[in-house]
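Thanks, everyone. I will put the structure up and then walk through a few parts of its interior.

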Amino acid sequence: MVFDWFKRAVAQPAPESEPLPPPEAEPEPEAAPAADESVQPAEPVAAPTPAPAAAAGAGVDEDALAWARQAYARLKAQQEEEARPPVAPEPAAPAPEPTSPAAPPVATGLSLLEQAAAQRQQRLQEITAPAEPAPAGPPTAAATPVGPEADAADPSLGAFDATFTWSAEVLAAQGRRAEEVSLEEIDWLGRLRRGLEKTRKGFVTQLLENLGDDPLTPAVLDDLESTLLRADVGVKATDQVLEALRRRLNEEVVDPAEGLRFLKEQLRGLLDAPIRAGDTAVLAPQRDRLNVWLLVGVNGVGKTTTLGKLANLAVRSGYSCLIAAADTFRAAAVQQVSVWGERSGVAVVANPSANADPAAVVYDAIGAARSKGTELVLVDTAGRLQTKHNLMEELGKVRRTITKLAPEAVVESLLVLDASQGQNGLRQAMAFASAAGLTGVVLTKLDGSARGGVALAVASEAGLPIRFIGAGEGIRDLRPFNSFEFVEALLAS
């Protein structure tokens with residue numbers, strides 16, 4: 001099963017266990033009823049699994065826990081079903097039944113040659129039957145080599161705890177039904193919540209203290225202003241949020257719960273504004289077209305690491321991918337990219353010579369992608385300060401090379417920002433936006449910073465949509481940005 005993280009949907013559901021029994025029923029009609037009996041109990045078990053009826057009340061707060069239990073039970077049954085393939089060899093177990101060689105002797109009408117031929121045929125069937133489980137073993141062994149990405153193993157369902165119920169509640173609030181919930185999303189929401197813990201500890205604690213139990217007052221809004229500024233939300237975003245709260249406060253009495261709900265709504269609006277202003281709501285590689293994504297930014301923000309995680313995300317989502325190692329200045333940059341490529345099974349195009357021309361590397365990568373029909377080319381670039389105009393001009397040269405060589409390609413320039421840099425990251429975004437033609441931002445290292453509010457500053461002041469966020473060091477800790485999930489994780493109590 002391939003889960004397309006860009007589209008947030010299962011790309012290729014392929015659960016079919018029925019075709020296995022028929023081939024065994026053909027060689028021996030006598031064993032067919034036994035095979036049918038073994039298949040029939042499995043069908044009723046799978047039938048009750050889809051139960052979408054109870055998901056209708058997921059929008060009600062009182063039913064959130066029941067909705068979470070239903071989703072958990074479904075995921076647990078699905079995980080057990082996926083772990084059940086070892087049961088597939090069981091149909092081969094009836095093979096011992098043909099060990100009743102008494103049947104050939106009973107048929108006295110057959111000649112010795114015919115009896116010998118029947119016994120040979122019987123032994124042949126016994127040999128080929130165990131041979132079927134044998135191939136089933138190697139795939140599991142073959143899956144181990146694919147595991148250079150050891151930390152990219154499929155997530156497993158944990159306990160039914162507060163993290164699961166919170167994740168399920170966030171998905172239910174977005175209109176998802178219990179049967180649509182995937183273990184991939186539950187796992188990511190848990191990682192996101194843990195990654196924003198440092199920001200949440202300071203931000204939410206002060207916010208709840210300011211709100212208190214009484215209706216909102218102008219004094220509470222003043223305290224809220226300082227709280228937002230300390231979280232690096234930015235002056236412009238803070239002014240917009242407080243202005244909306246003051247207008248609401250002038251119209252009616254706002255209790256703390258309603259104030260918190262209204263605050264979440266305003267923060268989501270700020271994060272979604274640049275996305276609504278653009279052409280694409282979700283940044284995803286276009287199928288059957290060449291997509292080129294450049295990753296730019298200053299030194300040390302995690303461009304190469306982010307590129308490796310994006311490559312893994314693309315491969316896991318079912319896209320063909322290629323990496324262009326165009327960071328030809330930093331020592332061991334090509335080797336680092338190569339390691340990331342090996343972990344995700346992605347080919348890397350590089351120039352081994354020192355200080356090679358980055359545009360030449362991109363030229364070779366696009367040629368290789370065209371010949372292989374690759375859908376996504378990820379370009380790693382050297383870190384550069386936004387004040388170095390000659391280095392910024394080099395990015396322009398790379399863009400011109402892509403435009404000239406592949407005018408039909410969909411080109412995206414993604415700025416990688418370190419969330420721990422706060423307002424300095426905002427200044428980087430402003431400078432790169434004018435020089436490099438940015439189309440989006442990747443926010444990294446949210447787990448190591450208490451300044452997760454910089455996402456709001458980038459969206460409101462730089463006017464750039466946030467496309468991906470990284471909330472950990474693992475290869476699976478980078479996912480497409482969702483404003484609703486981000487705000488809920490940021491303000492989770």
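Let me start at Ile469. Setting aside neighbours within four places in sequence, Ile469 is in contact with Trp188, Leu192, Leu443, Leu446, Asp477, Leu478, Arg479, Phe481 and Phe486. Keep in mind that this is a predicted model.

Ile469 also belongs to the largest nonpolar core, which has 102 residues. Ile469 is listed there with Leu271, Phe468 and Phe486 as the residues with the most contacts inside that core. The element that gives the most to this core is helix H19, residues 454-462, with seven residues. Another core lies apart from it, with 18 residues, including Leu290, Ala324, Val379 and Ala406.

Now one of the contacts of Ile469, namely Leu443. Leu443 sits in strand E8. Is Leu443 buried or exposed? Its relative accessible area is 1%, and the cut-off for buried is under 20%, so Leu443 counts as buried. Again leaving out neighbours within four places, the contacts of Leu443 are Leu417, Ala419, Val454, Ala455, Phe468, Ile469 and Gly470. For a distance, take Leu443 and Leu415: they are 28 residues apart in sequence, and their C-alpha atoms are 8.4 Å apart in space.

That brings me to the strands. E8 covers residues 440-444 and pairs with E7 in the parallel sense, over five bridges. One bridge joins Val416 to its partner in E8, Val442. E7 also pairs with strand E3, residues 291-296, in the parallel sense, here over six bridges. In that pairing, Val292 has Val411 of E7 as its bridge partner.

Why is E7 described as largely enclosed by the rest of the structure? The strand runs over residues 410-418, and nine of its nine residues are buried, so the description follows from that count. Both faces are covered. On one side the buried residues are Val410, Glu412, Leu414, Val416 and Asp418. On the other side they are Val411, Ser413, Leu415 and Leu417.

Last, Ser483. This residue lies in helix H20, residues 483-490. Its relative accessible area is 7%, and buried means under 20%, so Ser483 is buried. Beyond its neighbours within four places in sequence, Ser483 is in contact with Arg268, Leu271 and Asp272. Of these, Leu271 came up earlier, among the residues with the most contacts inside the largest nonpolar core.

That is the tour; I will take questions now.

Note on methods:
Residues numbered from 1 in each chain as written. Predicted model: local features only at pLDDT ≥ 70, side-chain atom pairs only at ≥ 80, totals over all residues. Heavy atoms only, no water. Helix = DSSP H or I, 4+ residues; strand = E, 2+ residues; numbered from the N terminus. Buried < 20%, exposed > 50% of the residue type's maximum accessible area, 1.4 Å probe, protein only. Contact = heavy atoms within 4.5 Å. Pairing = 2+ DSSP bridges. Core = buried A, V, L, I, M, F, W, Y, C linked by side-chain atoms within 4.5 Å.
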